[in-house]
Amino acid sequence: MMSAKLFTYFGAVCLISALFLLWQRSNPKRLMFSSFFPSKVETLSLKDSQPTRLIIRNSNIDLPIIPAKVKGQNWETTTQGVSWLINSSLPGEEGNSVIYGHNWENLLGNLISVKPGYQIEIAYKDGSKKIFTVDSTAIVSPKNISVLKQSKDKKITLYTCIGLFDEKRFVVVAKIDKKLAN
Amino acid sequence: MSRKTFYLQIFIFFFLFLTILVSSVFGIVNPPDFPSCVNPQGSVVTSYSTGTHGVPGVATAYQGSDTVYKVSNENLSQCLCTENNEGIQTNWWKVSSLTSQEIESLKTQGWIFIPDGSAWGLDSSAYLAKNSNYSCRGRGGIGGGEVLGLAATGNIKTIYALFSLGFLSLTIGYLLRQKQT
């Protein structure tokens, strides 16, 4: 009788966990930072300068970049690549360019392997490319919106979810490498 | 359900309820928000590109760069980047207005009480300090502290595995119950 109960409870816990993860997987708030309302940043015309691809060779990451917006508390996300917050600055222009994506294996699951000194390539629609060097990485709370704030240097902030039930954000900050930019 | 189990459940419920109630009423002070060292905010108070630096609560001395930012009148962030690319962020919170009970409560959350900040080049006032780790680009080239992250929770394979395991366990549980009755 005891073992029957044990199996039943265990099965119920598994099903509840699976349902929770399934809901969380499609939750548009999953990648959000709490109470962050980005102010519009003046960007150049996106016609040719739109970023199209994110490449981190050391971590086997090569993904399309999809423009995304924050609407209220809903952060547009994609399952096809990473999202570039169009309210943030254009990668390579002055300011903090915010790029984020799910921590799935085929997306940014391997982002946690990124270390300071690694190079990040951003390819653009016009065929040009800019190189950024990772300056720092950290695990922060989604309440710590300081990581998304604008800055006067040219940098990108790349993040994904991490921790138990994705309660934290793994953040990678990279600055443009002037020597390697073309 | 036996009477013993029923009373045990009532006891656990009240214990949890009282724990939450007591912790929300007594000695809980919300620490201020500190910006992360990956995107420091505020004005620079001091900055050293090299040298030996200390961290509150840690006996080791570190070699590397160290910058202190004034976040507000009461708070500072210290961003230390060692030559091994290990970053240590120390959040400094001036706590002259807190009671000893509140300070004791915060100490249980990892804050370190510094009775006199002047020993650390700060105002001659009491501070609470809290350290956290990050990785930075020091002189160590590529590399840095390891990040201890859990596996991705949104992995569809994990979800399928949990569904399968759940259904299997429920089926076994049902069959065992049928067999016993």
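**Close-up 1. Exposure of Asn133(B) in the predicted model**. Asn133(B) has 17 C-beta neighbours inside 10 Å and therefore counts as partly exposed, since a residue is classed as buried at 20 or more such neighbours and as exposed at 12 or fewer. Asn133(B) belongs to strand E7 of chain B, which covers residues 127-136. In sequence, Asn133(B) and Ile88(B) are 45 residues apart, yet their C-alpha atoms are 4.7 Å apart in space.

**Close-up 2. Enclosure of strand E9 of chain A**. Strand E9 of chain A spans residues 154-162. Because nine of its nine residues are buried, E9(A) is largely enclosed by the rest of the structure. Both faces of the strand are covered. On one side, the buried residues are Lys154(A), Ile156(A), Leu158(A), Thr160(A) and Ile162(A); on the other side, they are Lys155(A), Thr157(A), Tyr159(A) and Cys161(A).

**Close-up 3. Parallel pairing of E6(A) with E9(A)**. Strand E6 of chain A, formed by residues 95-100, pairs with E9(A) in the parallel sense. Six bridges connect the two strands. Within this pairing, Gly95(A) stands opposite Lys154(A) of E9(A).

**Close-up 4. Antiparallel pairing and hairpin of E9(A) and E10(A)**. Strand E10 of chain A, residues 168-176, runs antiparallel to E9(A) and is joined to E9(A) by eight bridges. Cys161(A), one of the buried residues of E9(A), stands opposite Arg169(A) in E10(A). The two strands form a hairpin with five residues between them. In this hairpin, Gly163(A) adopts a positive phi near 95 degrees.

Note on methods: Residues numbered from 1 in each chain as written. Chains lettered and ligands numbered in written order. Predicted model: local features only at pLDDT ≥ 70, side-chain atom pairs only at ≥ 80, totals over all residues. Helix = DSSP H or I, 4+ residues; strand = E, 2+ residues; numbered from the N terminus. Pairing = 2+ DSSP bridges.
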